[in-house]
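User: Please take a close look at one chain and its contacts with the rest of the model. A formal explanation suitable for a first-year student would be welcome.

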Amino acid sequence: MQSKNLLELASAISSGAVRVVDLTFTLSPDFPVIVLPPEFGQAAPVRIQEISRYDGRGPAWYWNNVTFGEHTGTHFDAPIHWFTGKDLPNNAVDTMPSKDMIAPACVIDCSAQAAQDPDFVLTVPDVEAWETKHGRIPDRHWVLLRTDWSKKGWRDYANLRDDGAHTPGPNPAVMKWLVEERGVIGFGTETIGTDAGQAGHFDPPYPAHHFLHGAGRYGLQCLCNLDQLPATGAVIVASPLKIKNGSGSPLRVIALVGST
Amino acid sequence: MTNSLRAPYDGVVIAAPVTIPYVRYSIESAQWWIGRALSALVAQAGIKASDIDGMCVSSFTMGTDSGVGLTQHFGLCVRWLDTIPLGGASAIAGLRKAARAVQARDADIVACIAGDTNHVDSFRLTLENFSRFNQDAVYPYGAGGANSSFALIARNYMRTFGVTREDVGRIAVAQRTNALCNPHALMKTPLTMEQYLAARPISDPIHLFDCVMPCAGAEAFLVMREETATSLALPAVRLLSTIERHNAFADDPMQVRGGWAMDVGELYAMAGVKPDDLDVVQTYDDYPVITMMQFEDLGFCRKGEGAAFVRQHDLTIDGDFPHNTSGGQLSVGQAGAAGAYLGLVEGLRQVLGTAGPTQVGNASLALASGFGMINYDRGLASGAAIFAGPSR
Amino acid sequence: MIDPIKPPRRKNPLLRTRLPALPPRPRSRTSHGFTRAAAEGRFVLQRCEACGCFAYPAREACPSCLFDGLTFVEAPRRGMLLAETTARVPSDVYFRERAPWRIGLVKMDCGPTIVAHLHADCVEGAAVRMSLQLDKSGQAVAFAHPEGETANMADDKQWREMTADPKFRRVLVTNGRSVIGQEAAVALRAAGAKTVFVGVAEPWRPFAGENLLRGQDGIEIVTLDAADEKVVADLAADIGGKVDILVNTTEYVRPGGLLDRRGTSIARDEIDQAYLGFINLAQAFGPAMRMRGADGINSSAAWVNILSVYALANWPAFGAYSASQAACLSLSHSLRAELRPGGVRVMNLFTGPVDTEWFQTVPPPKVAPRAIAQAIVSGLKGGLEEMYVGDVAEEIRQRLAANPKALERELDR
């Protein structure tokens with residue numbers, strides 16, 4: 001591609017001809033994080049501690065110390081996150097190919113089904129139905145599962161009951177199929193985790209993690225504003241923090257959306 | 001230990017009674033007031049400061065100074081020195097020690113001085129730092145200071161012996177009458193019994209006119225041998241007897257008598273006089289109820305008859321029982337440790353015939369007493385002295 | 001006979017809040033034998049080991065036989081009120097503002113006479129029951145009560161200065177997710193607290209007992225994660241001016257010491273919740289509480305910590321947890337000193353293993369959360385500073401006093 005085209009893209013972004021949609025939740029302490037049984041190690045929640053705020057601790061400046069786990073807020077999962085991807089080359093956020101940080105997306109709208117059933121599970125026929133309408137999912141695209149889950153209050157968003165979380169996600173067959181038959185670069189959701197809330201009971205458990213990372217692909221979760229994306233044609237920019245040997249990281253996810 | 005074992009005060013005299021007029025508040029230090037008293041002693045006795053070879057000092061507000069610091073402060077070179085922290089018993093105790101010092105020729109002229117200043121917050125600080133038992137077990141209880149402690153004693157005493165506020169009030173009212181003759185008294189208006197009874201309560205049953213007014217001032221006198229006084233041509237008072245006692249009757253659950261009751265027989269025997277012989281009596285009047293107790297304990301009436309005694313006697317200068325003729329601490333003011341000296345110094349002037357407007361006619365024999373240090377639940381220190389003027 | 005205190009009216013915003021003053025503070029070192037007893041609600045006097053006589057005030061030698069072995073021992077509480085007085089114009093600011101103030105001289109049946117603060121129902125010439133209390137300066141004072149119960153006894157004006165009674169006060173229980181927090185909220189409300197704010201972290205996570213708290217009259221759920229500086233500060237901005245009693249029920253218990261754990265993430269969570277949480281709460285709520293120590297019937301009054309007794313002696317089975325509790329204990333002493341100018345008490349409740357999930361495999365006896373809640377209320381009502389709740393806590397305290405090294409060896413099992 002010629003530089004000229006890139007400059008045209010920049011100009012289109014500047015003029016608004018290409019919209020930039022922010023798919024990121026604000027990183028804050030009150031945002032729900034994944035809950036594991038208490039005897040497991042837990043993700044550190046987001047903590048923001050003021051260093052100074054134009055006061056005696058620093059008269060002219062404001063800054064904070066921030067701590068968080070790699071998997072808090074809107075975040076990225078690298079292949080090394082899961083045992084299936086542990087031996088792959090370049091499987092961590094600091095070594096992954098930079099070019100994988102920008103890729104187009106297909107958005108599958110399941111918001112109606114998710115509204116009916118919090119345990120809605122995406123299946124191969126669902127995706128095939130989508131393809132009938134929008135065409136085959138091309139190679140190295142993100143598949144983003146739109147559920148409108150990001151519009152809920154935190155309690156319903158986490159939707160924890162005494163038998164665990166109840167949130168939508170993919171079934172094992174569709175994940176295997178997306179990875180092997182469609183060559184997706186990654187899979188993204190609005191919920192806490194790329195997998196369904198009850199995915200621990202699937203075979204294999206947590207199929208999104210299992211198949212994506214086992215094949216060197218990526219996960220994105222806690223996305224929002226998916227309802228502002230077209231079914232096809234949006235380009236996702238998702239560059240995680242370059243944490244040494246990191247398994248993932250909170251990040252700013254943006255989508256570039258052209259005019260139709 | 002019987003009386004006969006005590007050596008008499010033969011040849012011991014007291015001279016040059018000095019009062020530095022009191023003020024309610026002073027920006028001067030205690031050292032300033034003590035310095036004024038020393039200066040007045042030297043002037044009144046017609047001696048040089050270097051003639052003073054003994055000193056006895058009492059003060060609550062000298063800060064970190066004691067007697068020895070004062071020697072350098074005032075340029076004195078003494079061979080006998082004492083600092084007496086006995087509050088209201090300091091004058092009698094100082095007199096006793098000085099008397100024995102000059103008698104034994106450890107010193108020739110002893111200056112006995114008490115002086116205190118009164119800054120705006122001095123009184124509270126004195127209360128707060130009075131003693132360890134007071135700090136641990138009294139002051140944190142309402143911080144009423146001596147008023148509350150004496151209120152407990154007064155309440156118990158009044159209930160036990162059927163004493164009314166009016167009985168106690170007679171003492172205060174009579175002293176105010178006396179004070180009106182004393183130009184240096186801080187209280188300058190008459191006090192009626194109605195006013196006394198209507199006064200505002202401070203710590204029941206103690207009301208305003210049962211309390212002394214803290215102030216600044218100093219009192220002093222010289223103790224020497226008779227021959228010294230003669231050579232200086234100084235009019236002098238002969239010391240006849242003294243008593244002193246601390247922590248008496250510790251088993252009394254509450255104080256209804258002071259240490260005087262233990263030693264009163266010896267006081268009169270040593271002086272060779274009877275209570276009736278006295279021309280003037282100066283008691284320690286931090287509270288009038290304590291004065292009433294002294295009338296009993298010093299032998300003017302029996303225990304429990306104090307109220308009847310004050311009803312039957314006129315305690316004014318011209319009365320049949322001239323008592324606290326200057327007006328006492330109740331009407332003159334309490335200048336800290338100088339309060340201990342007030343009665344004794346006034347008594348000395350009375351028997352020397354130099355009391356001026358408060359002079360009792362033909363006074364030659366007097367008694368002065370002291371009482372002090374309400375360390376915990378009672379006054380611990382008591383003392384008394386009987387002395388005679390040149391005319392006796 | 002005392003009239004019951006009335007619920008305080010809303011504050012007049014035109015009036016300045018009265019700042020706290022403290023009663024006289026200085027005491028001799030020996031006198032702190034009484035402070036130690038008062039902190040735990042015991043009544044002691046010095047008794048001579050040689051002649052057996054009781055003495056008061058604190059002394060260095062027996063006034064009967066001059067022996068220097070005077071020990072503070074539990075003493076009979078009964079005495080007789082010999083005389084009383086009412087101080088109306090004390091020279092000290094604290095008492096002057098609270099005058100008239102009633103005191104008396106009590107002859108104890110066991111010998112000494114004691115100057116004491118008087119409950120309003122004490123009668124001259126009648127028997128009284130003596131206790132040692134901590135006043136607003138944190139120093140021990142003798143307090144005489146009538147021998148029997150009288151009406152509205154706890155509402156006595158002078159007694160209320162010695163306590164942190166929840167009646168009409170507003171309480172923040174910091175962690176309502178724990179059973180202890182839930183029981184404490186209910187017990188404090190039953191003890192007359194006007195409002196109990198109950199902190200709940202991560203409100204999006206359901207928790208057992210939630211229904212007990214929701215919709216209860218006088219109990220308000222608020223978002224609070226002690227470990228989150230900003231959430232704590234935000235809550236203090238909302239309710240900091242009306243928290244009269246803060247009950248720190250932060251709870252983070254995990255087994256393990258050093259070698260069987262990997263890394264520091266669990267230890268970090270322990271420190272985050274317990275220690276840094278304590279700091280966040282103190283920094284957010286402490287300054288306002290210190291300002292409001294004399295703010296009428298519902299003045300700020302107390303800060304309560306629930307600590308493991310293993311703060312005093314490490315229990316290796318819960319070794320890192322014990323250490324986090326020791327850190328909190330140390331912090332509580334700093335807080336106590338820093339809240340002192342406000343006359344706000346800091347009460348530490350020491351407990352053994354509590355009957356909750358994290359001590360599931362620990363054999364009994366275990367402390368029921370309800371017993372802790374009741375202890376909080378009785379400690380506040382009694383004005384205590386240190387409480388040992390349950391048999392284990394009491395035993396550890398005694399064994400520590402007897403031989404710390406033996407306790408260390410015996411806990412190592």
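Analyst: The following account concerns chain B, beginning with its neighbours and ending with a pair of its helices. This is a predicted model, in which local features need pLDDT of at least 70 and side-chain atom pairs count only at pLDDT 80 or more, while totals for chains, interfaces and linings use all residues. Residues are numbered from 1 along each chain as its sequence is written, and chains are lettered from A and ligands numbered from 1 in the order in which they are written.

Of the 2 pairs of chains that touch, chains B and C share the most contacts (C-beta atoms, placed from the backbone, within 7 Å). Chain B contributes 30 residues and chain C contributes 30 residues. On the chain B side, at least two residues each come from α4 (122-128), α5 (132-137), α6 (146-161) and β5 (201-203); helices (H or I, at least four residues) and strands (E, at least two) are DSSP runs numbered from the N terminus. This side comprises 16 nonpolar, 7 polar and 7 charged residues (nonpolar: Ala, Val, Leu, Ile, Met, Phe, Trp, Tyr, Cys and Pro; charged: Asp, Glu, Lys and Arg; polar: the others, Gly among them). By contrast, no contact joins chain A to chain B, and their closest C-alpha atoms are 37 Å apart.

Within chain B, helix α3 (residues 90-103) packs against helix α14 (residues 338-352) at about 65°, with axes 7 Å apart. Axes are lines fitted to C-alpha atoms, for helices over the stretch in contact, and angles run from 0 to 180 degrees between N-to-C directions. Therefore α3(B) is roughly perpendicular to α14(B) (65 to 115 degrees; under 35 is roughly parallel, over 145 roughly antiparallel, and the rest oblique). S90(B), A91(B) and L95(B) of α3(B) meet A340(B), Y341(B) and L344(B) of α14(B). That contact has 5 nonpolar, 1 polar and no charged residues.
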